[in-house]
Amino acid sequence: MKSFINVEDIGPLEKAMAEAMEIKNERYKYQHLGKNKTLMMIFFNNSLRTRLSTQKAAMNLGMNVIVLDVNAGAWKLETERGVIMDGDKSEHLLEAIPVMGCYCDIIGVRSFAGLTDREYDYAETVLQQFIQYSGKPVFAMETATVHPLQAFADLITIEEHKTVARPKVVLTWAPHCRALPQAVPNSFAQWMNAADVDLVITHPEGYELDPKFVGNARVEYDQRKAFEGADFIYAKNWSNPGVSNLADYGKITSKDMSWTVDAEHMSWTNHGKFLHCLPVRRGLIVTDDVIESPDSLVIPEAANREISCSVVLKRMLEAM
C-alpha cells in the first residue's frame, strides 16, 4: 500500500477487520517489520488522539518516530505555486517535502481544510503534494476532506459492539460554535457505505455532504425519524459543505440547538450506542448524561485508533 486516503485503499474490509482483531489481540506480533524504519508525522494542525495513537502504533511495529509540528518547530511553509515569497513564509513546501522524505520511510500528514476555497480543499492540494514529491508512502492523519484512520477505528468499534448482523447507524449533525471541516463525516459516511450497515445521515437542509461521500446512504432531514430504531448514533458537527450553495462553503448557517444529542434523542433509538471522534463540545454536540452513560463508546472508539493505524502501517511496511 503506497498511500492511504480512502476506504478503497485498505482493500477488502473483511480482511482488514480480521487483521485489526489479530493486532488487537497481539499488538507486538509484527514488531520485526518496522526495525530500522522511520515514520515521520507532520502536523499542520493540533492533535491529541491522532498524535498519540499513531506514534504508539508505529512503536508497536518497531519503528523509529519523528514528529514535526510545522507551526511550532519549523519554518513557515508556503503551499501555493507561482507566488512571490516576500511575506512571512520562508520555505516552500515543494523543497521541504523531498527533504522530509530523505529522513524517513513513511510519512503521515495532518492538514485541515481552510474552509474558504472549496476547490482547493477538495483537491487535497497539500496531501497530494506529499504523495507526488516525497518519494515515500503517505497516509492521511486527517486532511481537508477525509479522516480515514478515524473512520476505520469507528468501524472496528461498531463491529465489536453490534448486537445485530446489520445495524442501523445514524450520522447526525449537531451544532457548534466554530466552523469545522467535513473530513470526519465524509470518511465516516464513506466507510459505512462500504460496510454492511444501514446508514442514515441526518442534518438541517443545506448541510448536504458531497455526494461522492454520501453514496447510497439515506438522507433524512427529520432528526427524530432518523434516530428511530438506530443501533448507533454518531454525532458530529460540520460547517456548510457548499453543495447546495457554493457561497455558503465553510460557513455556519445553522446553530439549531434542538439537534444537540440528549437523553430524549437517545430514547428514540433501539438502545443505541453513542459515538463521537473527540474532542467534543459538551452541551453543544452532546449532553453530559449521554456521553457519560454506559452506552457511550467514545473511549473504546478512541482506543481503536491505535489499532486502525497499526493495520495501515503494517500494510505499508509489508509493501516495502
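Glu-306 is buried, with a relative accessible area of 12%, and I should like to begin with this residue. The model I am presenting is a predicted one. Glu-306 belongs to helix H13. Setting aside residues up to four places away in sequence, Glu-306 touches Arg-27, Ser-53, Lys-56, Ala-57 and Asn-60. Its C-alpha lies 15 Å from that of Glu-160, although the two residues are 146 apart in sequence.

Let me turn to the nonpolar interior. How many residues does the largest nonpolar core have? The count is 57, and the residues with the most contacts inside this core are Ile-10 and Phe-139. Helix H13, residues 298–318, gives the most to the core, contributing 7 residues. A second, separate core has 25 residues, including Phe-44, Val-70, Leu-115 and Val-138. As general background, nonpolar side chains in soluble globular proteins tend to be buried together.

Ile-10 deserves a closer look. Beyond residues up to four places away in sequence, Ile-10 touches Met-1, Phe-4, Ala-16, Phe-152, Trp-191, Val-311, Val-312 and Arg-315. Three residues from that list, Phe-4, Phe-152 and Trp-191, also form one aromatic cluster.

Phe-152 brings us to helix H7, where it is one of the buried residues. H7 has 14 residues and reaches 20 Å from first C-alpha to last, close to the 20 Å expected at 1.5 Å a residue. Of those 14 residues, 11 are buried, so H7 is largely enclosed by the rest of the structure. The buried residues run from Pro-148 and Leu-149 through Gln-150, Ala-151, Phe-152, Ala-153, Asp-154, Leu-155, Ile-156 and Thr-157 to Ile-158.

In the loop between H7 and S8 we find Pro-167. This proline is buried, with a relative accessible area of 1%. Leaving aside neighbours within four places in sequence, Pro-167 is in contact with Ile-158, Lys-162, Asp-196, Val-197, Asp-198, Asp-231 and Phe-232. By contrast with such contacts, Gln-129 is 38 Å away from Pro-167, C-alpha to C-alpha, at a separation of 38 residues in sequence.

Next, helix H2, residues 49–60. Its 12 residues should span 16 Å at 1.5 Å a residue, and its end C-alpha atoms are indeed 16 Å apart. Which residues of H2 are buried? They are Arg-49, Thr-50, Ser-53, Thr-54, Ala-57, Ala-58 and Asn-60. Seen down the axis of H2, these buried residues fall within an arc of 160°, so they line one face of the helix. An α-helix has 3.6 residues a turn, so residues three or four places apart point the same way. The cover over the buried residues of H2 includes strands S2, S3, S6 and S7, together with helices H7 and H13. Three of the residues touched by Glu-306, namely Ser-53, Ala-57 and Asn-60, are among these buried residues of H2. After H2 comes Gly-62, whose phi is positive, near 80°.

I now come to the aromatic pairs, of which there are 8. Trp-173 and Tyr-207 form a tilted pair, 5.1 Å centre to centre, with 55° between the planes. Trp-173 lies in strand S8 and Tyr-207 in the loop between strand S9 and helix H9, so this pair ties together parts that are 34 residues apart in sequence. Both Trp-173 and Tyr-207 are buried. The rings of Phe-227 and Trp-268 have centres 6.0 Å apart and planes at 75°; why is this pair edge-to-face? Planes over 60 degrees apart count as edge-to-face, and the 75° between these two planes therefore places the pair in that class. Phe-227 is in helix H10 and Trp-268 in the loop between helix H11 and strand S12, 41 residues apart. Phe-227 is buried at 0% relative accessible area, and Trp-268 is buried at 16%.

Two rings also carry a charge over them. The charged end of Arg-51 sits over the ring of Phe-43, 4.4 Å from its centre. The charged end of Lys-314 sits over the ring of Tyr-30, 4.7 Å from its centre.

I close with the backbone. The peptide bond from Leu-278 to Pro-279 is cis, with omega near 0°. Leu-278 is in the loop between S12 and H12, and has a positive phi of about 65° although it is not a glycine. Is Leu-278 buried or exposed? Leu-278 is buried, at 16% relative accessible area. Asn-36 likewise has a positive phi, near 65°, in the loop between helix H1 and S2. Asn-36, however, counts as exposed, at 64% relative accessibility.

Methods
Residues numbered from 1 in each chain as written. Predicted model: local features only at pLDDT ≥ 70, side-chain atom pairs only at ≥ 80, totals over all residues. Heavy atoms only, no water. Core = buried A, V, L, I, M, F, W, Y, C linked by side-chain atoms within 4.5 Å. Buried < 20%, exposed > 50% of the residue type's maximum accessible area, 1.4 Å probe, protein only. Helix = DSSP H or I, 4+ residues; strand = E, 2+ residues; numbered from the N terminus. Contact = heavy atoms within 4.5 Å. Phe/Tyr/Trp six-rings, centres within 6.5 Å; stacked < 30°, edge-to-face > 60°. Lys NZ or Arg CZ within 6 Å of the ring centre and 35° of its normal. Expected span 1.5 Å × (residues − 1). Arc of directions from axis to C-beta.
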